[in-house]
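Thanks for coming. I will go through one model today, and you can follow along on the screen.

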Amino acid sequence: MRESFREDGRVRKRTLANLSAWPTQLVEGFRTLLKGGVAVTADGIRARRALPHGHAAAVLGTMRTIGLDRLLGQPADKRLAPLAIALIASRLISPTSKLATARELAADTAASSLGRLLGLGAVDEIELYRALDWLGARQSAIETALARRHLADGALVLYDLSSSWFEGQCCELARFGYSRDGKKGKLQIV
């Protein structure tokens, strides 16, 4: 390592240290320090992953407070109930496809702590579709129980309605009717 300086209008050089005996890793760390960086040992850095947690905990806490987790019932396959809870919570947190939801719940690709909070482990979209089928079969009973618990006679209920026109001929859900999009003569899905 050498230092250069001016003396009487001439450039002078002075040797400060001989680094040729130093190991390469030490020389690279010293070079980093000279450039204003921070040099640490290879085992000094441990990569950790912090997942967003607050929103997942808030949604699960609310679901438990209103008793939705108990309203779902106990399926024969014990895994379906936590998967159904994960589907409902995911819909509130980050609405995506079932494939994307499976990836957001899996430990390696998690987008939040939701999968860990529910103890799900590895999740695939086929399991989520099975849970969705189980949940769909129970939907009417769950809605009735929630309405009894939270609504009084004559209560005002607000909900969002969306519709789209359908480009095809065969769909059980599509019907002719008023098109808010102005597409006359098209089947509508509401």
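A word on naming before anything else: helices here are DSSP runs of H or I with at least four residues, numbered from the N terminus. With that in hand, Arg70 can be placed in helix 3. Please keep in mind that this is a predicted model.

Let me stay with Arg70 for a moment. Is Arg70 buried or exposed? Arg70 is exposed, because its relative accessible area is 59% and the cut-off for that class is over 50%. Its side chain meets that of Asp69 in a salt bridge, with N to O at 3.8 Å. For a sense of scale, take Ala111, which is 41 residues from Arg70 along the chain. The C-alpha atoms of Arg70 and Ala111 are separated by 26 Å.

Now the salt bridges in general. Side chains of opposite charge can pair when their charged atoms come close. How many salt bridges does the count come to? The count is 7, and I will show two more of them.

One of these joins Arg79 and Glu127, at 2.6 Å from N to O. Arg79 sits in the loop between helix 3 and helix 4, while Glu127 belongs to helix 7, so this pair ties together parts 48 residues apart in sequence. The two partners fall into separate classes of accessibility. Arg79 is partly exposed, with a relative accessible area of 23%. Glu127, at 17%, counts as buried, since the limit for buried is under 20%.

Another is Arg14 with Glu3, where the closest N and O atoms are 2.6 Å apart. This pair links distant parts of the chain: Arg14 is in strand 2, residues 10-15, and Glu3 is in strand 1, residues 2-7, with their positions 11 residues apart. Arg14 is partly exposed at 42% relative accessibility, and Glu3 is partly exposed as well, at 31%.

Next, helix 4. It covers residues 80-93, which makes 14 residues. At 1.5 Å a residue the helix should span 20 Å, and the end C-alpha atoms are 20 Å apart, so expectation and model agree. Which residues of helix 4 are buried? They are Leu80, Ala81, Leu83, Ala84, Ile85, Ala86, Leu87, Ala89 and Ser90. As background, an α-helix has 3.6 residues a turn, so residues three or four places apart point the same way. What do the buried residues of helix 4 pack against? Their partners are helix 2 (54-65), helix 3 (68-71), helix 5 (98-105), helix 6 (114-117) and helix 7.

On to aromatics. The count comes to 1 aromatic pair. The rings of Trp22 and Phe30 have centres 5.6 Å apart and planes at 75°, so the pair is edge-to-face; the threshold for that label is over 60 degrees. Trp22 is partly exposed at 33% relative accessibility, and Phe30 is partly exposed at 23%.

Last, the surface. Leu151, Val157, Tyr159, Leu161 and Val190 form a nonpolar patch there, and together they have about 540 Å² of accessible area. Take Val157 from that group. Where does Val157 lie? Val157 is in the loop between helix 7 (125-150) and strand 3 (164-166). Its relative accessible area is 44%, so Val157 is classed as partly exposed.

That is what I have; I am happy to take questions.

Technical notes: Residues numbered from 1 in each chain as written. Predicted model: local features only at pLDDT ≥ 70, side-chain atom pairs only at ≥ 80, totals over all residues. Heavy atoms only, no water. Patch = residues over 30% accessible without salt bridge, like charges linked within 9 Å, V, L, I, M, F, W, Y side chains within 5 Å. Areas by Shrake-Rupley, 256 points an atom, 1.4 Å probe, with all protein chains shown as cover. Salt bridge = Lys/Arg side-chain N within 4 Å of Asp/Glu carboxyl O. Helix = DSSP H or I, 4+ residues; strand = E, 2+ residues; numbered from the N terminus. Buried < 20%, exposed > 50% of the residue type's maximum accessible area, 1.4 Å probe, protein only. Expected span 1.5 Å × (residues − 1). Contact = heavy atoms within 4.5 Å. Phe/Tyr/Trp six-rings, centres within 6.5 Å; stacked < 30°, edge-to-face > 60°.
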